[in-house]
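Trainee: Please pick one residue and take me closely through its surroundings. Then widen the view step by step.

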Amino acid sequence: MNQPAHLLAGRRAEQIAEHYLVAKGLRPMARNFRGKTGEIDLVMKAGATLVFVEVRHRRGQGHGGGLASIDRNKRRKLIATARLYLLQKRHGDRIPCRFDVVIVSGNLAAPELSWLANAFDMNDI
């Protein structure tokens with residue numbers, strides 16, 4: 001089955017972001033975690049902190065770039081999905097968490113990456 005080009009590009013951007021974060025010392029825990037409220041692209045570990053990563057691919061800066069596309073509604077969905085992940089993995093509120101954003105810009109053959117650690121938190125809705 002052929003997938004639309006934008007889905008293939010998004011999946012590739014997630015792979016690029018994951019490799020980048022691994023090179024920076026994070027450990028992968030899950031990819032494309034889905035819940036009824038949405039999806040989290042990557043779940044990583046940075047030391048004792050669980051990191052929920054939203055990956056945005058933008059060929060250019062039109063439409064405000066990657067960070068501008070993570071509005072209040074998107075943050076609400078990400079936070080709700082992260083809470084579901086924590087419940088399913090039985091972490092509860094015992095583990096420190098943060099939300100990072102990785103923006104993959106330009107051509108995927110030679111992308112530019114911007115990593116925004118702690119872009120927002122559980123109370124940021």
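Mentor: Two residues are in contact when heavy atoms lie within 4.5 Å. With that, start at Asp 100. Leaving aside neighbours within four places in sequence, Asp 100 is in contact with Val 51, Phe 52, Val 53, Glu 54, Trp 115, Leu 116, Ala 117, Asn 118 and Ala 119.

A word on the source first. This is a predicted model, where local features need pLDDT of at least 70, side-chain atom pairs count only at pLDDT 80 or more, and totals for chains, interfaces and linings use all residues. Residues are numbered from 1 along each chain as its sequence is written, and side-chain values use heavy atoms, with hydrogens and water left out.

Where does Asp 100 lie? Asp 100 lies in strand E4, which spans residues 97-105. Strands are DSSP E runs of at least two residues, helices are H or I runs of at least four, and both are numbered from the N terminus. The relative accessibility of Asp 100 is 0%, so Asp 100 counts as buried. The cut-offs are under 20% for buried, over 50% for exposed and partly exposed in between, with a 1.4 Å probe and protein chains only.

Now the polar side of Asp 100. Its side chain makes a polar contact with the side chain of Arg 98, at 2.8 Å. (Such a contact pairs N or O atoms within 3.5 Å; within protein, one must be able to donate a hydrogen and the other to accept it, and residues adjacent in sequence count only through side-chain atoms on both sides.) Arg 98 and Asp 100 also meet in a salt bridge, again 2.8 Å, N to O. (A salt bridge puts a side-chain nitrogen of Lys or Arg within 4 Å of a carboxyl oxygen of Asp or Glu.) Arg 98 is at 18% relative accessibility, so Arg 98 counts as buried too. From Asn 118 comes a backbone partner: its nitrogen lies 2.7 Å from a polar atom of the Asp 100 side chain.

Next, the other charged pairs. The structure holds five salt bridges. One of them joins Arg 31 and Glu 18 at 2.7 Å, N to O. This pair links distant parts of the chain: Arg 31 sits in strand E1 and Glu 18 in helix H1 (residues 5-23), 13 residues apart. Arg 31 is exposed, at 55% relative accessible area, while Glu 18 is buried, at 8%. Glu 39 and Arg 34 meet at 3.7 Å, N to O. Glu 39 is partly exposed, with 24%, and Arg 34 is exposed, with 55%. Glu 54, one of the contacts of Asp 100, belongs to a salt-bridge network with Arg 56 and Lys 74.

Go back to strand E4 for the aromatic side. A search of the whole structure finds five aromatic pairs. (Rings of Phe, Tyr and Trp, the last by its six-membered ring, pair if their centres lie within 6.5 Å; planes under 30 degrees apart are stacked, over 60 edge-to-face, the rest tilted.) In one of them, the ring centres of Phe 99 and Phe 120 are 4.8 Å apart and the planes are at 15°, so the pair is stacked. Phe 99 is in strand E4 and Phe 120 in strand E5 (residues 112-120), 21 residues apart. Both are buried, Phe 99 at 2% and Phe 120 at 6%. Phe 33, Phe 52 and Tyr 85 join these two in one aromatic cluster. Beyond four places in sequence, Phe 120 touches Ile 70, Arg 75, Leu 78, Ile 79, Phe 99 and Val 101.

Step out to the core. A nonpolar core joins buried Ala, Val, Leu, Ile, Met, Phe, Trp, Tyr and Cys through side-chain atoms within 4.5 Å. The largest has 18 residues, and Val 43, Leu 50, Phe 52, Tyr 85, Phe 99 and Phe 120 have the most contacts inside it. Strands E1 (27-35), E2 (38-46), E3 (49-58) and E4, plus helix H3 (72-88), each give two or more residues. H3 gives the most, with five. A second, separate core of 14 residues includes Ile 16, Met 44, Val 51 and Val 104.

Last, the whole chain. Three helices and five strands run α-β-β-β-α-α-β-β from the N terminus. Of the 125 residues, 38% are buried. Among contacts between residues at least 6 apart in sequence, 53% join residues at least 24 apart.
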